[in-house]
Amino acid sequence: MQRPLALLTWLAYPVYVWQGLGVRRRTTRMLPAQGPVMHDLAGKAPAISLLVLGDSSAASVGIGNSENGLAAQLAVLMAQNTGRAVRWRAAGFNSATSGQIRDHVLPNLSADPWTHIVLAIGTNDTKNFHSVPRFKKEFGGLLYGLRAKWPEARVVWSPVLEFTRAPAMPPLLGKILEIRATEMNRMGERLCLERGAVPAPRLPITNPEAGFASDGFHASEAGYRAWAEHLVGPVLAG
């Protein structure tokens, strides 16, 4: 159920549309990074198998080479922390929502024996003004699908980032979306705990100028590095 403050954001919907169109006009649409979407890092057995699944952040949009993206940098940190070999894959898609990953990506992923799965999803659900009940159905269904397909994997969800910290966001639009992101994160954490996944702490954004790409919305190489450093603890904790 949506809280009163989130429901009130619907009154600001005209502002969301007007300012959102302005942001879209001013922002250059960036493409996924070039480079490998899967790779193997040498190390001891047994190997770790890491799948990073989600939206444009999983596709390393915002940088030039995927080897500096979230999946690759997280894999390197996991290998360094454990000494084990790591096989990683990034399955990320521009503008993807939870429902699109659930319906169009998950059924088409081969059932490789992933030991760790990181979900980077929810930003577009929030940005597209999806309701909390819709997010509950779509993100919750995605979690069910992941647990059914990989029952022994450690599934970690990275919550929606702070919209007010993104340089591309006008202050009022950022505040509107941040209210909705807070509700999405509250629901997402609840669903993770109910359905066998781990909600990671929200990534703190301490230096937006360094952490965001030139579009002011996607992460830079430094941003993906900070994100990987933030996630490696929760991912390996199990």
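Tutor: Axes are lines fitted to C-alpha atoms, for helices over the stretch in contact, and angles run from 0 to 180 degrees between N-to-C directions. Residues are numbered from 1 along each chain, following its written sequence. This is a predicted model: local features need pLDDT of at least 70, side-chain atom pairs count only at pLDDT 80 or more, totals for chains, interfaces and linings use all residues, and side-chain values use heavy atoms, leaving out hydrogens and water.

Student: At what angle do helix 3 and helix 9 pack?
Tutor: Helices (H or I, at least four residues) and strands (E, at least two) are DSSP runs, numbered from the N terminus. Helix 3 is residues 70-82, and helix 9 is 221-236. Their axes are 8 Å apart, and the angle is about 45°.

Student: Is helix 3 roughly parallel or oblique to helix 9?
Tutor: Angles under 35 degrees count as roughly parallel, over 145 as roughly antiparallel, 65 to 115 as roughly perpendicular and the rest as oblique. The helices pack at about 45°. That angle makes the relation of helix 3 to helix 9 oblique.

Student: Is the crossing of helix 3 and helix 9 left-handed or right-handed?
Tutor: A crossing is left-handed if the near helix is turned anticlockwise from the far one by less than a right angle, and right-handed if clockwise. Helix 3 passes helix 9 in a crossing that is right-handed.

Student: In what order do the strands of the open sheet stand?
Tutor: Two strands pair if DSSP finds at least two bridges between them. The sheet has six strands with mixed pairing. Strand 1 (38-41) and strand 6 (198-199) each have a single partner strand, so they stand at the edges. The order is 1-3-2-4-5-6.

Student: How do strand 2 and strand 3 run, parallel or antiparallel?
Tutor: Eight bridges join strand 2 (residues 44-54) to strand 3 (residues 84-92). Leu50 stands opposite Trp88, and Gly54 has Gly92 as its bridge partner. Strand 2 and strand 3 run parallel.

Student: Which residue in strand 3 stands opposite Asp40?
Tutor: Strand 1 and strand 3 run antiparallel, joined by four bridges. Opposite Asp40 stands Arg87.

Student: Which strands does helix 7 touch?
Tutor: Helix 7 (residues 171-194) packs on the sheet. Its direction makes about 170° with that of strand 5 (154-157). The strands touched are strand 5 and strand 6.

Student: Which element gives the most residues to the largest nonpolar core?
Tutor: A nonpolar core is a set of buried (under 20% relative accessible area; over 50% is exposed, in between partly exposed, 1.4 Å probe, protein chains only) Ala, Val, Leu, Ile, Met, Phe, Trp, Tyr and Cys residues joined through side-chain atoms within 4.5 Å. The largest has 41 residues, with Leu50, Leu74, Met78, Trp227 and Leu231 making the most contacts inside it. The top contributor, with eight residues, is helix 3.

Student: What is Leu231 in contact with, leaving aside neighbours within four places in sequence?
Tutor: Contact means heavy atoms within 4.5 Å. Leu231 lies in helix 9, where it is among the residues that meet helix 3. Its contacts are Leu70, Leu74, Val118, Ser158 and Ala200.

Student: Which elements do the buried residues of helix 4 pack against?
Tutor: In helix 4 (residues 98-105), Ser98, Gly99, Ile101 and Val105 are buried. The buried residues pack against strand 2, helix 5 and helix 6.
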